[in-house]
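Work through the exercises below with the model open. Each task is followed by a stepwise solution.

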Amino acid sequence: MSTTKEIPYKIYLEENEMPKAWYNLRADMINKPAPLLNPGTLQPMKAEELAGVFCDELVKQELDNDTRFIEIPEEIRNFYKMYRPSPLVRAYCLEEKLQTPAKIYYKFEGNNTSGSHKLNSAIAQAYYAKKQGLKGVTTETGAGQWGTALSMACSYFDLDCKVFMVKVSYEQKPFRREVMRTYGASVTPSPSMETEVGKRINAAHPGTTGSLGCAISEAVEVATSTPGYRYVLGSVLNQVLLHQSVIGLETKAALDKYGIKADIVIGCAGGGSNLGGLIAPFMGEKIQKGTDYRIIAVEPASCPSFTRGVYAYDFCDTGMVCPLAKMYTLGSDFIPAPNHAGGLRYHGMSSTLSQLYADGLMEATTVKQTEVFEAAEQFARVEGILPAPESSHAIKVAIDEALKCKETGEEKTIVFGLTGTGYFDLVAYQKFHDNEMSDYIPTDEELAKFRANLPKID
Ligand SMILES: *Cc1c(COP(=O)(O)O)cnc(C)c1O
């Protein structure tokens, strides 16, 4: 008979147990992430230079490698209370289905209208923009999760929100576009003819359906050329990982409440924000005390930044208007194959996670999209939640690890991030069900072509 305490299906923190400060993992890193560089001078970006692009307080957070805890302002904590704490769910039904001795937990971030973890940072960024007295913010969005989250946050603080949406998504995913407009945002397909960089890209690539890197360039141009506006970004940046640390802090607190020690922590990685947030307190403990957490980043085989990219300074956007970041990258011109439906399509990776990976503190693995949708479906059928394709990358690897435990008989505790729901991704599910989904894995030659265009810096 088991002597362990009965673990509830869902572990919720009490309101007074919710984090009051974000955890800045950089403060505990021995090798700090490489600084952003000015693309003109190749010198580290100073706060004054970044201030034209980002809100002042966010610039401070971006450059702060030393302050371990940064207080979450009360206004943001109040907003968090509307949809947080998010549940840490014991996947009893999945364990049963897999017949594994492993214990599987997932932290579910899909319980808000935007349907993903992105709201955690959107509300923080909108708050600081408002506090600075700005009129509005600009941003890019691909599939639309970030744009949706930001629209919600901006309407809450009564800020103008201008979203450049990758043209192919704008045309093929009208539903998210309408959610954004419901919250008052203006949505422009990118590349547009409203910006210099958009005109340039349209002239160079007639008929292009756009990319994230290109939409970023447009959003930055509008922010820097319109008084009272700044640009905000939903992933990759240090500040975004900082805000997303609420995911990890809540997860760790919920596990600690029941005396559970995680063995493996798994998250999907696009630009690295949910993963960086989820792992933050675990990684911090691993660095400080040597606790043996296995931390695994999961990326699509069609966009393999960690596993097949290079660790180098690169542009964050196609128009090359943003600072250079040192990161695992496939090259800023890289765009995943058109059949790629599963998100996580950014060419680079958070510089914080890149440094941790370079230091051997975490692992990375790739999965093919058909396997991802198989895992998504398997999960939906037993656990009920219809997962986002992005999140399903983590599901796939959690299942694989649980099946390994079945072979070895080990009772490992696996924790993974279930970043969102997939209701707006049903076209991708449809392709999967109709056997129209294929797995495209770029060849070494293709990747070398994009790599050759990396800026030459060291
Ligand atoms: C944006 C998004 C991701 C990937 O972004 P990260 O910054 O790597 O976390 C993952 N899952 C969902 C549901 C998303 O919306």
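Angles under 35 degrees count as roughly parallel, over 145 as roughly antiparallel, 65 to 115 as roughly perpendicular and the rest as oblique. The model is predicted: local features need pLDDT of at least 70 and side-chain atom pairs pLDDT 80 or more, while totals for chains, interfaces and linings use all residues. Numbering starts from 1 along each chain as its sequence is written, and side-chain values use heavy atoms, without hydrogens and water.

**Exercise 1.** Classify the packing of helix 2 and helix 11.

Step 1. Helices are DSSP runs (H or I, at least four residues), numbered from the N terminus. Axes are lines fitted to C-alpha atoms over the stretch in contact, with angles from 0 to 180 degrees between N-to-C directions.
Step 2. Helix 2 (residues 56-63) packs on helix 11 at about 90 degrees, the axes being 8 Å apart.
Step 3. The two helices are therefore roughly perpendicular.
Step 4. In contact (heavy atoms within 4.5 Å) are L58, Q61 and E62 of helix 2 with N238, Q239, L242 and H243 of helix 11.

**Exercise 2.** Classify the packing of helix 11 and helix 12.

Step 1. For helix 11 (residues 238-257) and helix 12 (residues 273-289), the angle is about 55 degrees and the axes are 6 Å apart.
Step 2. This makes helix 11 oblique to helix 12.

**Exercise 3.** Find polar contacts (N or O atom pairs within 3.5 Å) to oxygen atoms of the ligand.

Step 1. A polar side-chain atom of N274 is 2.7 Å from a ligand oxygen.
Step 2. For G272, a backbone N or O atom is 2.9 Å from a ligand oxygen.
Step 3. A polar side-chain atom of Q145 lies at 3.4 Å from a ligand oxygen.

Notes. Polar contact = N/O pair within 3.5 Å; in protein donor to acceptor, adjacent residues only side chain to side chain.
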